Amino acid sequence: MNITVLIKQVPEIALIKVDEAANKVVLPQGPGVVNPHDEFAVEEGLRLKEKTGGKCVVMTVGTERAESALRNCLALGVDDAYLLTDDLFTGSDPQATGRILAAGLKKMGDCDLVLAGKQAIDSDSAQVPAAVAAHLNLPQVMFVKKFESIGDDKATVFRITEDGYDAVEVNLPAVISVVKEINEPRLPSLKGKMAAKKKVITRWSAADLGLDGSGIGNNSKTKIVKVSPPPPRPKGEIIEGETPEELAESLFKKLRDNQVI
Ligand SMILES: Cc1cc2nc3c(=O)[nH]c(=O)nc-3n(C[C@H](O)[C@H](O)[C@H](O)COP(=O)(O)OP(=O)(O)OC[C@H]3O[C@@H](n4cnc5c(N)ncnc54)[C@H](O)[C@@H]3O)c2cc1C
């Protein structure tokens, strides 16, 4: 089974700042990290490959800075890495990113399963996997916590819901996003890290993918109108009391005084 895992390089979240005057998000310098939710998708891709044979590769849309995220995945044991990169991609919204990834997957060909994380921790839209599926006209199952079974042309997966899970049978190829409950990601070995340094990363530009800029980059349908930081959290209050009973009484009094109960 040939599996492609979509990964995003994200900045370290604590270092992100918002410049309200300039209406933009200021990203920290440095290589960033693999989106934490994508680590579970990479791990599942590797486990499925180990079970079924074939290849597990990673693909990203990003700038040259995304190379280190791809090398981190190579160090874990993925077979190849694809970086879709071009100035024409700058300004792409999630739908446009989905279109670019779909073009990359089409060019690569021979893919039985596309895995993704449930969402990126920076832009957080959780739209890209569904957009990829729509552009490729593939079935999609989002927020999967378990692969119950997998064959050449069908998989049964458990998709989380608010009150439990659904068992879904899906035809392959399909696009599947996974949640953190699915596995525990492995750590890279020293041998893996050394091998990853030497691997050649395939780079494809817009021209390589047959994209001319329409519907992607600055021609995306979404426009960012305003950027502002989230409001500061209100100050917490410590409820005092020597015993559990006193604490409960103080808490009830507080809730009653504020007409919460
Ligand atoms: C108008 C507009 C302009 C933008 N301009 C830029 C820009 O110039 N530069 C920029 O970096 N961002 C830009 N963004 C943000 C960019 O659109 C999103 O970061 C990107 O499309 C992914 O969306 P998301 O982060 O919400 O991912 P989600 O949909 O939350 O991600 C879900 C999963 O999809 C996969 N995935 C997401 N993004 C990628 C990716 N890039 N490559 C491979 N797999 C991926 C991962 O598996 C991820 O876990 C812009 C957004 C808008 C709305």
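The legends below describe close-up views of a predicted model.

**Figure 1. Overall view of the predicted chain****.** The chain holds six helices and 13 strands, and its C-alpha atoms fill a box of roughly 65 × 50 × 40 Å when this is taken along the principal axes. Of the 261 residues in the chain, 38% count as buried. The views that follow take up strand pairing, burial, backbone geometry, surface patches and pairs of residues set apart in sequence.

**Figure 2. Strand E8 and its two parallel partners, E1 and E12****.** Strand E8 spans residues 113-117 and is mostly covered, with five of its five residues buried. In a regular strand, side chains alternate between the two faces of the sheet. In E8 both faces are covered, since Leu113, Leu115 and Gly117 on one side are buried, as are Val114 and Ala116 on the other. Strand E1, made of residues 3-6, pairs with E8 in the parallel sense over four bridges, and within this pairing Thr4 stands opposite Val114. E8 is also joined to E12 by five bridges, and these two strands run parallel as well; here the bridge partner of Ala116 is Ser177 in E12. Val114 and Ala116, the two residues of E8 named in these contacts, belong to one side of the strand.

**Figure 3. Strand E9 between a parallel and an antiparallel partner****.** Strand E9 covers residues 140-150 and is joined by three bridges to E12, residues 174-178, with the two strands running parallel. In this pairing Val141 of E9 stands opposite Ile176 in E12. With strand E10, residues 154-161, the pairing of E9 is antiparallel and extends over five bridges, and here Val144 stands opposite Arg159 in E10. A hairpin leads from E9 to E10 through three residues. Strand E12 thus appears in this view as a partner of E9 and in the preceding one as a partner of E8.

**Figure 4. The cis peptide bond between Leu172 and Pro173****.** The peptide bond that joins Leu172 and Pro173 is cis, with omega at about 0 degrees. Pro173 is placed in the loop between strand E11, residues 164-171, and E12. The strand that follows this loop, E12, is the one that runs parallel to E9 and is joined to E9 by three bridges.

**Figure 5. Two asparagines with positive phi, Asn23 and Asn137****.** Phi of Asn23 is near 60 degrees, a positive value in a residue other than glycine, and Asn137, likewise not a glycine, has a positive phi of about 55 degrees. Asn23 lies in the loop between E3 and strand E4, residues 24-26, whereas Asn137 is placed in the loop between helix H4, residues 128-136, and E9. Asn23 counts as partly exposed because its relative accessible area is 27%, which falls between the limits of 20% and 50%. Asn137, by contrast, counts as exposed because its relative accessibility is 70%, a value over the 50% limit.

**Figure 6. A nonpolar patch and a patch of negative charge on the surface****.** Val18, Val25 and Leu27 make a nonpolar surface patch of about 220 Å². Within this patch, Val18 is found in strand E3, residues 17-19, and is described as partly exposed because its relative accessible area is 34%. Elsewhere in the chain, Glu240, Glu242, Glu245 and Glu246 gather in a surface patch of negative charge. Glu245, one of these four residues, has its place in helix H6, residues 244-257, and counts as exposed because its relative accessibility is 59%.

**Figure 7. Two residue pairs, Ala41 with Gly117 and Val157 with Glu20, compared in sequence and in space****.** Ala41 is found in helix H1, residues 36-52, and counts as buried because its relative accessibility is 0%. Ala41 and Gly117 are 76 residues apart in sequence, while their C-alpha atoms are 5.6 Å apart in space; Gly117 is itself one of the buried residues of E8. Val157, placed in strand E10, also counts as buried because its relative accessibility is 0%. Val157 and Glu20 are 137 residues apart in sequence and 43 Å apart in space, from C-alpha to C-alpha.

Terms used
Residues are numbered from 1 along each chain as its sequence is written. This is a predicted model: local features need pLDDT of at least 70, side-chain atom pairs count only at pLDDT 80 or more; totals for chains, interfaces and linings use all residues. Side-chain values use heavy atoms; hydrogens and water are left out. Patches are made of residues with over 30% relative accessible area and no salt bridge: like charges are joined within 9 Å, nonpolar side chains (Val, Leu, Ile, Met, Phe, Trp, Tyr) within 5 Å. Accessible areas come from the Shrake-Rupley method with a 1.4 Å probe; for residues, only the protein chains shown count as cover. A salt bridge is a side-chain nitrogen of Lys or Arg within 4 Å of a carboxyl oxygen of Asp or Glu. Lys and Arg count as positive and Asp and Glu as negative; His and the chain ends are not counted. The place of a charge is taken as NZ of Lys, CZ of Arg, CG of Asp or CD of Glu. Buried means under 20% relative accessible area, exposed over 50%, partly exposed in between (1.4 Å probe, protein chains only). Two strands pair if DSSP finds at least two bridges between them.
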